[in-house]
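Colleague: I have a structure to go through with you. Please tell me how each label is earned.

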Amino acid sequence: MTRIPLTLLLLVVTAHTSLAAPRLSYVYPIGYERGKTITLNIAGSQLESDIELRSTIPGKLTLKPVDVVDGKPAYNANDRRDAELVINPDAPVGIYPVRVRTADGISNQVFFAVGTLPDVGEVEPNNQQSEAQPISLGVTIAGSVAPGDRDIYKVPLPAGGRLVAEVEAKRIGMPMDSALAVLDSQGRELTSDDDAIGLDTDSRVDITVSRAGDYYVVVNEVTYQVGSSYRLKIGAGKVRAFQ
C-alpha cells in the first residue's frame, strides 16, 4: 500500500477545511437607525442552509428562508442569505461585528453600524453641483461611490448656521479612503478634510457659515480607484450628539 507523506496529508486536510469554511464579503446595508426592522443581506461563500448567525448588535437577527420566484431560488443561497434584523430602540450607537457559523467552521467578521439619525438613500446622478441631491440636516445618507465617482449633497443653512458632516466607511470595514469638502453656491471650497484624527481614513468637517443659502457637501474617494459603500452623517451640532 502506498503511504501518503504526513506533510502532504496535512496540506490536503488544511486546504479542504479552508475551502469549506464560510467566508463573508459584506453585509448590506452597512448600518441603520436604531429602533428599526430591516432586511440584512449577507454576502459571501459557503453559506449553506443551516448557517448560524452571530452578532452583538442589540436586538434580534433571524435568518430568512430563500426567496423563490417561479419555483426557483431567487438567488444563489451559497453566496447570499437574507436575515431580518430588529435593532433595539435603546441600542448604543456603535459598530458591531457579524459572523456566520456552519458545521465546517466560523467565518471572518464584517461590520454593521447602529446610529440614531433617520436613514436616507443616495439618489444618482449627483456628481455635479447642478445635480446635487437636496437633503436636510439630521440624517444619515446611505451612499456608494464607484471608481472615479463623487457624490454631492445640497443643504440649506441660515446665516450663522452650523454644519457638521462625517463619513463612516473605513471603520465599518469598507475599502473607501474618503475626503469631504463643503462648497458655497459659487462652487468655492470653504473647508475640507481627508483623514480626521481618531477616525482612521474616514473624514469629518465642521463649519459655521456667515450667509444664508445653499451649501454643498462633496464626498470623494481619494484614490479614485475603489468602489465602496459609505454612511454620511449630517447634522447641525456636535457629531457625537447626532450619531
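Modeller: Start with an open sheet of 5 strands, in the order β13-β15-β20-β17-β18 and with mixed pairing. Bear in mind that this is a predicted model.

Colleague: What makes β13 and β18 edge strands?

Modeller: β13 (133-134) and β18 (189-193) each have a single partner strand, so one side of each has no neighbour in the sheet.

Colleague: How do you know that β17 and β20 pair, and in which sense?

Modeller: The cut-off for pairing is at least two bridges. Strand β17 (residues 178-183) and strand β20 (residues 213-221) share 6 bridges, in the antiparallel sense. With 6 bridges set against a minimum of two, they count as paired. For one bridge, look at Ala179, whose partner in β20 is Asn220.

Colleague: Which strands make up the open sheet that contains β12?

Modeller: The order is β12-β14-β21-β16-β19, 5 strands with mixed pairing. Its edge strands are β12 (119-121) and β19 (204-208), each pairing on one side only. From one strand to the next, the twist averages 20°.

Colleague: Why are β12 and β14 called paired?

Modeller: Pairing needs at least two bridges. β12 and strand β14 (residues 139-145) are joined by 3, and they run parallel. So the 3 bridges satisfy the rule. Asp119 has Thr140 in β14 as its bridge partner.

Colleague: Now β9. What makes Thr102 buried?

Modeller: Thr102 lies in strand β9 (residues 94-102). Its relative accessible area is 7%. Buried means under 20%, so at 7% Thr102 is called buried.

Colleague: Which residues is Thr102 in contact with, beyond its neighbours within four places in sequence?

Modeller: Pro22, Gln46, Glu48 and Ile51.

Colleague: Gln46 is on that list. Is Gln46 buried, exposed or partly exposed?

Modeller: Partly exposed, with a relative accessible area of 28%. Buried ends at 20% and exposed starts over 50%, so 28% falls in between. Gln46 sits in the loop between β3 (37-45) and β4 (52-55).

Colleague: What makes the phi of Gln46 worth a remark?

Modeller: Most residues other than glycine have a negative phi. Gln46 is not a glycine, yet its phi is positive, about 60°. Tyr224 also has a positive phi, near 60°. Tyr224 is in the loop between β20 and β21 (228-235).

Colleague: Why is Tyr224 not called exposed?

Modeller: Exposed means over 50%. Tyr224 has 48%, so it is partly exposed.

Colleague: Back to β9. Which strands does β9 pair with?

Modeller: Among them is β4, antiparallel over 4 bridges. Strand β11 (residues 110-115) also pairs with β9, antiparallel over 5 bridges. Then 2 bridges join β9 to strand β10 (residues 105-106), again antiparallel. At least two are needed, so the 2 bridges to β10 meet the cut-off.

Colleague: Where does Arg101 come in?

Modeller: Arg101 stands opposite Glu52. Arg101 also stands opposite Ile106 in β10. Elsewhere in the pairing, Ile95 stands opposite Ala113 in β11.

Colleague: How many residues lie between β9 and β10 in their hairpin?

Modeller: The hairpin has 2 residues between the strands.

Colleague: Last point. What makes the bond from Tyr28 to Pro29 cis?

Modeller: Its omega is near 0°. Pro29 lies in the loop between β1 (23-28) and β2 (31-33). The bond from Glu124 to Pro125 is cis as well, with omega near -5°. Pro125 is in the loop between β12 and β13. Most peptide bonds are trans.

Technical notes
Residues numbered from 1 in each chain as written. Predicted model: local features only at pLDDT ≥ 70, side-chain atom pairs only at ≥ 80, totals over all residues. Heavy atoms only, no water. Axes fitted to C-alpha atoms, helices over the stretch in contact; angles between N-to-C directions. Buried < 20%, exposed > 50% of the residue type's maximum accessible area, 1.4 Å probe, protein only. Contact = heavy atoms within 4.5 Å.
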